[in-house]
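My notebook is open and I have a fresh structure to look through. Come along while I jot down what I find.

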Amino acid sequence: MAKQIIKLKEFMNEDRTNDEIRLKVRELAYSNDAKDTTILSRYTQLKKFLKQNYMNLNKEFIFELNPPIDMTYRVNNHNKLVRSERLNFVYDQKMIDRLLSYKDYTGFKYPERALTSYLQFVSGRRISELLSPDIKIGIIKKEPESVKFSYLKKNKTKDKVAIIKLLPNTINNKEFKVLMNILKKFMGKSITEEDLDKDINIFTNNVNYFLKKEFPKKGIHSHILRGIYANYYYHMYNPNNQNINGFISNILNHTGDTSSLNYSNYEFKKE
């Protein structure tokens, strides 16, 4: 980071326009193929340097020197995922009932956020899988609580159909498909794959904010819903008394033997 500060200091030895400074900060932040977390950190340090050493610069200009908003959201969402894998998450029936109430999403200020949270909870799918326009949903007539996804994001190929088990006694596959189509209309159409990734990151951040407001101080976010789905399913609908890791691997469509361990640190606190 010291090298970027020195280069910025040398650059500022001459009079510079705001646009020139903005471009230089971006160049230094992104230098050497930096990762997202490094870019965010560099922006913070470069802004701090300008603020402390160039009092003539407009405060609003310095404040608005930021990396792309979707990058910030992407890093924040990843950090939340990492933290959730390290901590035990305790939930109760009251939380379950509130999540199920989101099925009536139209009564919320931001209905798309409530609807996304509901669909995540009853299916255990990632937001990216719910929103991707190229993932098609199919119905299994003889299994009303099962849904076919044309593929899942973690699969290396897009030609492997996945069977998703919906949380029993919550929604059938026909209703699920209808709500999925409504959700994708909320999302709109992204022009490119890059735009889609940005839109999903921003959308995910909005859902996380919604959940934070709904469950203050609980540390809940969109990926936690996936874990609650799997853990609640295990506790309430496991007639064969399968062990938790094997059960969660199956219900979340994991291919690895240890992937489910990240979802076994949930505790259902029964009344």
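In what order do the strands of the open sheet stand, and is the pairing parallel or antiparallel? I looked it up in this predicted model: the 3 strands have the order β2-β3-β4, and the pairing is antiparallel.

Next I checked the edges. β2 (137–139) and β4 (162–165) each have a single partner strand, so one side of each lacks a neighbour in the sheet. I also noted the twist, which averages 35° from one strand to the next.

Then I went through the pairs. β2 is joined to β3 (residues 146–149) by 3 bridges, and here isoleucine 137 stands opposite phenylalanine 149. Between β3 and β4 I found 4 bridges, again antiparallel. Valine 147 has isoleucine 164 in β4 as its bridge partner.

Which side chains of β4 are buried, and which are not? Ala162 and Ile164 point to one face and are buried, while Ile163 and Lys165 point to the other face and are not. That fits a rule I wrote in the margin: side chains in a regular strand alternate between the two faces of the sheet.

My last entry is on the cores. The largest nonpolar core has 55 residues, and Phe149 is one of those that touch the most other members, as is Ile220. Helix α11 (residues 222–236) gives the largest share of this core, 8 residues. I looked closer at isoleucine 220: leaving aside neighbours within four places in sequence, its contacts include Phe89, Met95, Leu211 and Ile228. There is also a second, separate core of 21 residues, with Ala34, Tyr54, Phe61 and Met71 among them.

Conventions:
Residues numbered from 1 in each chain as written. Predicted model: local features only at pLDDT ≥ 70, side-chain atom pairs only at ≥ 80, totals over all residues. Heavy atoms only, no water. Pairing = 2+ DSSP bridges. Helix = DSSP H or I, 4+ residues; strand = E, 2+ residues; numbered from the N terminus. Axes fitted to C-alpha atoms, helices over the stretch in contact; angles between N-to-C directions. Buried < 20%, exposed > 50% of the residue type's maximum accessible area, 1.4 Å probe, protein only. Core = buried A, V, L, I, M, F, W, Y, C linked by side-chain atoms within 4.5 Å. Contact = heavy atoms within 4.5 Å.
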